[in-house]
Amino acid sequence: MLSFHPLAISLTLSSQIGNGCISKKRKLVEEGSLDELNEDLLERVLSWLPTSTLFRLGSVCKRWKSMADSQSFKLACSRIPSRDPWFYMVDADLNRSIVFDSAKSSWKRLNHPSLLLRDHNRDSIPVAASGGLVCFRNMSGGYIVCNPVTGSCRELPPVDPGQSLLAIAMNAYSNYHGSYKLVLVSGDLPKLSFKVYNSITNCWEEEIMLRRNADDCTKSNDNDDDAVYFLSTAGNVVVTNMQRSPSKQYSSVFTLKDGEEIVYFLTSSGRVIACNLTQKCFSEYPRLLPVFSEYSIDVVECKGEMLVVVLSEFFESASLRVWQCDPKTKTWNQIAVMPPAMSHEFYDKKLDINCVGAGDQIFICLSSAELCSYVLYNFVTNRWVELPECSVNGESLEFMSALSFEPRIEASV
C-alpha cells in the first residue's frame, strides 16, 4: 500500500522540474513511486504543482503529456482550494500580457490572447478579475472574459450602456464550470442601478434600481462630487476630483458575506459607495480625510473584507496606510501602515496609487512622471516588500495598475 502526501511529492517534483532534472531518470521514478500510482492518484499528486510548472509536464513523458491535456486532470486541479495569486499588469501598451507571480516572486510574460489582438479589441483594457478569469472592456463598450493562463476567451453579448457607468465588478463561483457574474453599476447619485451578466444563461439580466439604505447617516450633498479647488502646502492649485488611470476608472471590489453580495467603488471625489445587490440598496461611507486634503486612495478586498489604502502627505513626509471601516459605528480604523523609512521617498512625487487585494496580500502600484514602484504587503507577516523592476528584452517596463487572479489552467470562460 503506497503512502504519500500529494503536496509533499508535488513540491519535490516542482523543484526537480524547475531545475531541469525531471527529464532524467529521477530517483523518485527509479524507486517506482510514481510508476505504481494509478491515473487518478497521479493526477491528484501533479495537480498540486505550481501553475508555472504544470506547463512543463508535457515534456516529461508521453503519459504525463496525455494526462495534462485531459479533462479529468483539469477537474483534479479545480479541487485545489487556492493558488498563490498572479498580478496581471497594465501599462500603456495594452497588447501584451505580463504578470507578477507572487509564489515565485518573479515576472512572467504570457501569450496575449488572440481575440484581444483583433482590430476592434486591440485597445481593450482589463477592468475586473475573479478566480482564474480577467474581464476586458473594448473601446465600444463590449466585454471579453479571458483566462490569461490558457488564452481562452469569450465575447459577452452586447449590452446597452444606459446611464453613465460607475463601476464594474466580477465574481467567479466555479472555475471549472465557468460560472461567474459580471456586474455593472450605473447612474448618478442618488439614482443608482445595476445590471448583471450571468455566464450560466449567457445573457444580461434586467436592470435593477438601488434605493438608499434607510440607515445611511452619511448622505452627501447633491454637489458633493463636484470639483473643489484649494491651495496645497506648496502653493499649487489642486482639484479634489481624482484622475485615475483608465484601467481603474471603473475599479470596484466584490464581497460575499453572510449571503449578501456587495460591490464597493469610489466616487470621483474619493468617497466609498457600497451597493448591496442582495438587498438592492446602497449606502455611503464617511470620508477618511477632509475634502480639501491632498491624497491618493483606492479600495481593495482581502479575505472577504473591504479595505481602503490611502497615500497622504503630512509634515513634509508621505504616509501610506490601510484602513478598515467598522460597519456598526461607521468609523475608520487603521490596520496597517508602511514604515516611514519606505514611504518617505514618495513625498512630493504626486503619486497615484492603484491597489488590488489577494487573500492576505495587497499589491500596490505607485506611479507618477517621476517615480514608478511596486510594493507587496502581507498581513500575516506584516511585511512591506518593494518588488524588483520588470525588464523584458533589456527594456524596463512601467505599469499603472494590476488586477489579481488565480493562475488556473482549468478556469473556463
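Where is Pro190 placed? In this predicted model, look in the loop between strand 9 (179–188) and strand 10 (191–198). Once you've found Pro190, check the bond just before it: Leu189 and Pro190 are joined by a cis peptide bond, with omega at about 5°.

Most peptide bonds are trans, and most residues other than glycine have a negative phi. Two residues here go against that second habit, and the table shows where to find them.

| Residue | Phi | Loop |
|---|---|---|
| Ser105 | near 50° | between strand 2 (97–101) and strand 3 (106–110) |
| Lys350 | about 55° | between helix 7 (340–343) and strand 23 |

Lys350 has 47% relative accessibility, so it counts as partly exposed.

Carry on from Lys350 into strand 23, and you've reached an open sheet. Its four strands run in the order 23-24-25-26, with antiparallel pairing. Strand 23 (352–358) and strand 26 (383–386) are the edge strands; each has a single partner, so one side of each has no neighbour in the sheet. From one strand to the next, the twist averages 20°. The partner of strand 26 is strand 25 (residues 372–378), and four bridges hold this antiparallel pair. Across that pairing, Val375 sits opposite Glu386 of strand 26.

Now for a helix. Which residues of helix 6 (residues 71–78) are buried? They are Phe73, Ala76 and Cys77. These residues span an arc of only 100° around the axis, which means they lie on the same side of helix 6. What do they pack against? The buried residues of helix 6 meet helix 3 (39–46), helix 4 (51–54) and helix 5 (62–68).

Methods: Residues numbered from 1 in each chain as written. Predicted model: local features only at pLDDT ≥ 70, side-chain atom pairs only at ≥ 80, totals over all residues. Heavy atoms only, no water. Buried < 20%, exposed > 50% of the residue type's maximum accessible area, 1.4 Å probe, protein only. Helix = DSSP H or I, 4+ residues; strand = E, 2+ residues; numbered from the N terminus. Arc of directions from axis to C-beta. Contact = heavy atoms within 4.5 Å. Pairing = 2+ DSSP bridges. Axes fitted to C-alpha atoms, helices over the stretch in contact; angles between N-to-C directions.
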